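Please open the model in your viewer and keep the selection panel at hand. The stops below suggest what to select next and say what is there.

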Number of protein chains: 2
Amino acid sequence: MQIIDSSVEIEHSSLDAVIEALRRRICGGALKPGTRLQEFALAEEFGVSRVRIRDALLALQQRGLVDRQKNRSAVVTRLDLKGVFEILELRENLEGLCVRLATENRPPESWQYLVDLFEGPMVRYAEDGNFESYLGEVERFRSDCNAAAANSILDEMLGILRDRTRNIVDRTTMLPGRIQQGVKELQLVVAAMRRGDGAEAERLRRENIRSQRAFVQRYQHFLL
Amino acid sequence: MQIIDSSVEIEHSSLDAVIEALRRRICGGALKPGTRLQEFALAEEFGVSRVRIRDALLALQQRGLVDRQKNRSAVVTRLDLKGVFEILELRENLEGLCVRLATENRPPESWQYLVDLFEGPMVRYAEDGNFESYLGEVERFRSDCNAAAANSILDEMLGILRDRTRNIVDRTTMLPGRIQQGVKELQLVVAAMRRGDGAEAERLRRENIRSQRAFVQRYQHFLL
DNA sequence: GTTCGCAAGCTTGTCAACAATCTTGTAAAT
DNA sequence: ATTTACAAGATTGTTGACAAGCTTGCGAAC
């Protein structure tokens with residue numbers, strides 16, 4: 001499945017555009033872990049010089065999305081279970097922090113739309129198995145929380161962490177029972193936000209991530 | 001003050017070495033915020049080609065240590081108070097997580113050396129105003145905790161966060177009363193670790209970071 | 001005295017060719 | 001049949017030169 005729109009790939013300021021295009025392909029699953037990324041081929045495809053591709057690969061390496069060794073093609077990073085768990089352990093903390101800050105920074109009424117979303121449309125998405133819409137709305141929820149939390153470094157860090165595990169974590173949605181449980185857990189989170197109870201929202205969001213981790217552990221052979 | 005040893009700067013595998021050398025200069029305070037980093041000058045100084053320097057600057061940009069704009073020299077990132085607070089907010093969470101994981105992963109007896117360190121030598125360093133030794137030992141404390149926590153991503157993230165504020169945070173040590181209070185707070189943290197009480201160690205470590213933040217706020221005009 | 005415009009020089013951005021290294025395929029030896 | 005050695009091809013690493021874009025300083029106009 002491809003959550004991220006990859007129709008528009010290249011624009012004007014080319015380095016950032018190349019980085020973004022490759023990032024989307026990797027996170028969206030179009031490029032699977034272990035895939036070799038050859039500079040010349042990518043340069044031709046994107047219509048840019050090899051230097052751009054090299055710079056982009058260096059940037060992606062810094063973000064942990066590709067591995068590079070001297071004189072060898074860059075490859076899409078392959079995560080093992082321990083790596084995924086390490087990242088989820090951090091995400092548990094930081095996503096929790098994020099919803100708490102968001103709750104504290106905005107009046108409770110401003111979260112009503114999330115309550116409506118998770119009580120109405122999201123339930124239907126879960127019933128119908130409409131994974132794409134579900135994931136899209138979850139993404140909006142996260143993005144709105146990040147904005148409300150008003151901590152740009154936190155935003156950046158969460159972005160890096162989610163990118164690294166996007167492949168795997170998005171696919172947990174399709175596991176039996178996961179989407180229903182996810183909706184239920186997030187309903188509790190947004191309810192706490194709507195009450196203005198930041199501490200409780202944090203606790204519930206952390207529980208939500210732990211629940212995700214349990215699914216990853218249980219279905220690791222399918223996911224990795 | 002220069003905490004980090006910068007005597008050995010360049011070795012064989014040059015890109016990483018250049019990145020590391022520049023990182024040390026920036027974090028150690030040798031290059032102050034706002035300083036222009038000109039590619040050709042750095043290339044000559046390090047005896048490498050300009051491409052290396054460009055790659056290194058790109059990597060440092062990804063880590064948030066330098067800002068770059070098209071056709072303009074890279075400059076060492078200048079942090080404002082809000083930026084420092086955002087980073088300290090994350091560090092509060094992650095350093096707390098780090099000591100909790102460390103405590104949970106090792107038998108309590110293994111932390112005895114830290115109790116001894118903070119009850120003995122560190123008290124003397126505080127009394128004598130021996131900032132370098134104090135900061136060096138704190139660094140060892142953090143490094144040992146990271147190793148015991150056994151989460152490489154956490155280690156990496158904390159590294160990035162600390163790098164960005166190293167200049168400023170290290171200098172808080174010299175503020176009146178800060179070093180004594182720091183020793184006192186960390187004594188409580190390591191005592192909790194020695195008791196095997198991870199949750200309490202986490203709480204105390206977070207309190208320690210919050211205390212640091214209070215000093216930054218109070219002396220912001222001196223520090224920024 | 002101040003401001004604006006212009007030109008020279010400096011700095012970064014880009015490219016193409018070449019060198020160093022790895023990979024793959026073939027063939028010979030065991 | 002398997003393994004090893006070697007050569008040809010493919011891929012990444014490096015360099016130097018050139019183009020594009022800022023910066024600075026000078027001088028003229030007001």
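Begin by selecting DNA strand C together with the residues around it, where near means that a residue's C-beta atom, placed from the backbone, lies within 6 Å of the molecule or strand. Chain A contributes Ser49(A), Val51(A), Asn71(A) and Arg72(A) to these surroundings, while chain B contributes Gln38(B), Glu39(B), Phe40(B), Lys70(B), Asn71(B), Arg72(B) and Ser73(B). By class, the surface near DNA strand C has 2 nonpolar, 5 polar and 4 charged residues; here Ala, Val, Leu, Ile, Met, Phe, Trp, Tyr, Cys and Pro count as nonpolar, Asp, Glu, Lys and Arg as charged, and the others, Gly among them, as polar.

This is a predicted model, in which local features need pLDDT of at least 70 and side-chain atom pairs count only at pLDDT 80 or more, whereas totals for chains, interfaces and linings use all residues. Residues are numbered from 1 along each chain as its sequence is written, and chains are lettered from A and ligands numbered from 1 in the order in which they are written.

Next, select DNA strand D, which is surrounded by Gln38(A), Glu39(A), Phe40(A), Lys70(A), Asn71(A), Arg72(A) and Ser73(A), and from chain B by Ser49(B), Val51(B), Asn71(B) and Arg72(B). The surface near DNA strand D divides into 2 nonpolar, 5 polar and 4 charged residues.

Now hide the DNA and colour chain A by secondary structure. Chain A has 11 helices and 3 strands, these being DSSP runs numbered from the N terminus, with at least four residues for a helix (H or I) and at least two for a strand (E). The strands of chain A form an open sheet in the order E1-E3-E2, with antiparallel pairing; two strands pair if DSSP finds at least two bridges between them. E1 (36-37) and E2 (66-67) of chain A stand at the edges with a single partner strand each, so one side of each has no neighbour in the sheet. Between E2(A) and E3 (residues 74-76) of chain A there are 2 bridges in the antiparallel sense, and Asp67(A) can be found opposite Val75(A) in E3(A).

For the interior, select Cys98(A) and Cys98(B), the residues with the most contacts inside the largest nonpolar core, which has 79 residues. Such a core is a set of buried Ala, Val, Leu, Ile, Met, Phe, Trp, Tyr and Cys residues joined through C-beta atoms within 7 Å, and a residue is buried if 20 or more other C-beta atoms lie within 10 Å of its own, exposed if 12 or fewer, and partly exposed in between, with C-beta atoms placed from the backbone. Apart from this core lies another of 36 residues, including Leu37(A), Ile53(A), Leu31(B) and Leu42(B).

Moving to the contact between the chains, select the 17 residues from chain A and the 16 residues from chain B that take part, contact meaning C-beta atoms, placed from the backbone, within 7 Å. On the side of chain B that touches chain A, H4(B) gives the largest share, 7 residues, and the classes are 9 nonpolar, 4 polar and 3 charged.

Finish at Ala102(B), which is in helix H4 of chain B and is buried, with 24 other C-beta atoms within 10 Å. Leaving out residues up to four places away in sequence, Ala102(B) touches Cys145(B), Ala148(B) and Ala149(B). A distance drawn from Ala102(B) to Asn151(B), C-alpha to C-alpha, comes to 9.7 Å, although 49 residues separate the two in sequence.

Key
Two residues are in contact if their C-beta atoms, placed from the backbone, lie within 7 Å.
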